[in-house]
Structure formats: C-alpha cells, structure tokens
Amino acid sequence: MLSSLLKKPRTTSFVIFIFTFCLGALNFTTTIRLIPPSLELILSIFCPFAFGAGLSKVLYFQKYGRTFDFTDLMLEPYGYCLLIDSILYMLLAFYFDKVVPDKYGVPYPPLFFLKKTYWCKPKSPYTGNVPTSEWSHGSIFSDNTEPVPPEFDGKEAIRLNNIKKNYKMKSTEKEALKGLSLDIYEGQITAILGHSTSGKTTLLNILSGLSKPSDGFASIFKYNVCEKEHMEKIWEISAICPQWNIQFEFLTVRENLKTFAKIKGIPSNAVEKEVEKLLTLLDIKAIQNTQANHLSGGQKRKLSLGITLLGEPQVLLLDEPTSGLDPYSRHQVWSLLNERKAGRVILFTTQFMDEADILS
C-alpha cells in the first residue's frame with residue numbers, strides 16, 4: 001500500500017522500517033497491560049501491531065506453561081484485525097495506485113469508482129464536454145495557415161486544441177508547448193519538424209498517455225487523452241516508438257520480437273508469421289539470432305521500430321524513428337511507412353528537413 005502511495009522505493013523502504021519498528025516495539029506492552037484495551041483495538045488497524053500483539057500472546061502462553069491452541073488466539077481481536085487489515089490494505093493499495101499521480105501516466109480521478117464508465121467500458125468514442133472551438137477549422141487555424149482540402153473533412157483522427165504543457169523547475173516554470181492546435185488525418189503521414197527541446201517528445205508523450213497536458217484538449221479518434229478510461233482504448237489501437245531503444249538486451253532480435261508480440265496479445269499461431277514479416281521488411285534477417293546488446297545503434301533502432309509495428313497498430317507515434325540509421329536504412333524506413341500509411345494515422349518527429357518533406 002505504501003509503495004502505491006509514496007512511489008519512490010527508498011522513501012517507501014525507510015517509512016516501512018520506521019513504521020514496523022515503532023509499532024513492533026509498542027505491541028510488547030500488551031503483555032503487561034500498559035495500554036487500555038480500547039487503544040489496543042484502535043492500534044490493531046495497523047497490521048505490524050496486530051501481528052506483534054498476537055505473537056506476544058503466544059509467547060505469554062508458552063512462558064506460563066499454558067497449552068496453546070489456535071482457538072485461544074482467535075478469542076483475541078488480533079486475528080480478526082489481521083484479516084480486516086489484509087482486505088483494507090489491498091483495497092487502499094488498489095485505490096492509491098489508480099489516483100496518486102506518478103512521473104508518467106494519467107491518474108484516475110479520486111471518485112473514479114463511482115463512474116459508470118469505469119465498470120462498463122465505453123464502446124463508442126468520446127462524446128463528453130468538448131470545447132466547441134475544438135471542432136471548428138476556422139476557430140483553430142488563423143488566416144495565415146494553409147486551408148484544409150475539402151476531401152479531408154470528416155477524416156480527422158487526432159485533434160489538438162490549445163494544448164499547453166508546463167514543467168515546474170526548482171524556481172521557474174518551463175513552457176514546453178504553447179497552445180498547440182492541430183488536426184492530423186487518417187491515411188496521411190504527419191511530420192513534426194523541430195530542433196531538440198522544441199516540445200516534439202512532449203507532444204507524443206501527451207498523445208501516448210505518458211504525460212498529462214497542463215491545459216487544452218486532445219483526442220484520438222474522439223477518445224479523450226486526458227481520460228484514463230479512454231486512454232486504455234487508445235492503447236489498444238496505437239503504438240509508440242520513443243527516442244530511446246526498447247529491447248531486452250539479453251535476448252536475440254527474433255526473441256525480442258516474439259516476446260513483444262506475445263505482450264501485445266498477438267495470437268500464438270500468428271506470432272511466427274508476424275515476426276518473419278517484420279524481419280524481412282526491416283532487412284534484419286541476417287542478425288535475427290544476434291543478442292541485442294551486441295547490435296549497433298542503427299540495428300537497435302530498427303529493432304525498436306519493428307517492435308512498434310507489431311500487431312498492425314492503427315495509430316503510430318514515432319519519435320525520431322530514423323535517428324542513428326545510415327542513409328540506405330533511412331530510405332528503407334521511409335518506403336515502409338509510405339506503404340503502410342493507408343488506413344492508418346502516422347505521426348512522427350524529426351530534425352531532418354528532407355525527411356519531413358519526403359514523408360509528409
């Protein structure tokens with residue numbers, strides 16, 4: 001329970017040690033009746049005290065030569081308190097894990113368990129309170145922006161309206177996104193071009209549920225990215241390739257792909273076929289039996305991209321997917337993305353002008 005509440009391992013370990021030591025020392029006073037019975041009952045809410053008090057009773061019976069039986073212990077309130085504590089702590093751990101904000105992810109609202117949508121998952125897209133300006137091209141885009149072709153109307157897959165993200169530093173506040181408004185369409189490849197620290201990764205973190213916007217509205221296929229229940233639906237249809245490489249270093253290329261395929265829920269009878277297809281598409285068959293820790297930076301990048309493409313996700317969020325690749329491999333990835341853009345939404349970030357110009 002405390003690990004769900006405090007999040008940091010070292011802090012949690014220290015608090016648990018102090019908590020257990022103090023209550024453990026206190027429970028020995030029950031054998032000499034220094035604590036009133038009513039206070040003992042209240043302290044039994046804490047499982048270290050209830051467990052220690054029960055153990056003290058066992059030692060007391062043994063010291064005075066009484067025959068100890070389990071029923072003797074059950075006559076005391078400690079046994080029942082331990083059972084209640086187990087259920088109570090399990091429920092509190094579940095609750096705190098949901099609502100206490102962590103470094104990554106979007107927390108549930110405090111009263112999430114009272115919402116019908118939590119117990120009955122929504123089958124239809126988000127239809128809640130959406131800013132009216134969010135659905136209007138005219139109100140989002142200014143006059144100096146290129147107008148949207150009429151054939152794109154109704155094909156908006158990702159919609160951003162006045163998205164802002166601020167990070168609190170020690171004494172200042174850094175603004176990573178300054179009111180970004182953008183529509184991204186199905187069947188298209190959209191590039192976010194910019195230098196380092198320009199907010200590209202922050203945007204993808206918001207869309208993937210790793211971070212919550214400070215202000216504004218964002219949706220993917222009309223599912224609200226700020227709603228935890230809707231993010232779970234988004235995760236079912238999307239995949240992200242972060243800037244850092246994602247793989248198990250001690251597994252081979254093939255084993256990594258097979259492992260992530262099973263994690264993504266691809267049926268067992270389709271895993272081998274899916275892995276073979278990606279090994280061919282990314283031209284990494286020659287290194288399929290090489291351990292990941294022996295791969296070059298470019299090869300690891302290809303493996304990370306392959307892991308992202310597993311399962312044919314409908315929404316692809318790619319954070320500088322070609323960084324570290326040689327020119328030939330970069331062109332391979334460009335061709336692969338162009339071939340797979342039909343019926344999908346592909347949003348990628350890059351620092352290369354030519355890449356953004358060719359793909360988007």
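**A guided look at helix α14 and the strands**

Visitor: What makes the reach of helix α14 (residues 327–339) close to the expected one?
Guide: Helix α14 has 13 residues and reaches 19 Å from its first C-alpha to its last. The expected span is 1.5 Å times one less than the number of residues, which here comes to 18 Å, so the two values are close. This is a predicted model, in which local features need pLDDT of at least 70 and side-chain atom pairs count only at pLDDT 80 or more, while totals for chains, interfaces and linings use all residues. Residues are numbered from 1 along each chain as its sequence is written, and side-chain values use heavy atoms, leaving out hydrogens and water.

Visitor: Why is α14 called a helix?
Guide: A helix is a DSSP run of H or I with at least four residues, a strand is a run of E with at least two, and both are numbered from the N terminus. With 13 residues, α14 meets the helix length.

Visitor: Which residues of α14 are called buried?
Guide: Buried means under 20% relative accessible area, with exposed over 50% and partly exposed in between (1.4 Å probe, protein chains only). Ser329, Arg330, Gln332, Val333, Trp334, Leu336 and Leu337 are the buried ones. They pack against several elements, including β3, β8 and α12 (268–281).

Visitor: What caps the N-terminal end of α14?
Guide: Asp326 does, with a side-chain oxygen 3.1 Å from the backbone nitrogen of Tyr328.

Visitor: How do you know that β1 (residues 156–168) and β2 (residues 173–185) pair?
Guide: Strands pair if DSSP finds at least two bridges between them. β1 and β2 have 10 and run antiparallel, so they qualify. Ile163 stands opposite Leu180 in β2, and the two strands form a hairpin with 4 residues between them. β1 also runs antiparallel to β4 (residues 215–220), joined by 5 bridges; there Asn161 faces Phe217.

Visitor: What makes β3 (189–193) and β6 (238–241) edge strands?
Guide: Each pairs on one side only. They belong to an open sheet of 4 strands, ordered β3-β8-β7-β6 with parallel pairing. β3 pairs with β8 (residues 345–350) over 5 bridges, and Leu193 stands opposite Thr350.

Visitor: How do you know how confident the predictor is?
Guide: By pLDDT, its confidence in each residue from 0 to 100. The mean for the protein is 81, and 82% of residues reach 70 or more. Over residues 126–140, though, pLDDT is below 50. Where pLDDT is low, the predicted coordinates should not be read in detail.

Conventions: Contact = heavy atoms within 4.5 Å. Polar contact = N/O pair within 3.5 Å; in protein donor to acceptor, adjacent residues only side chain to side chain.
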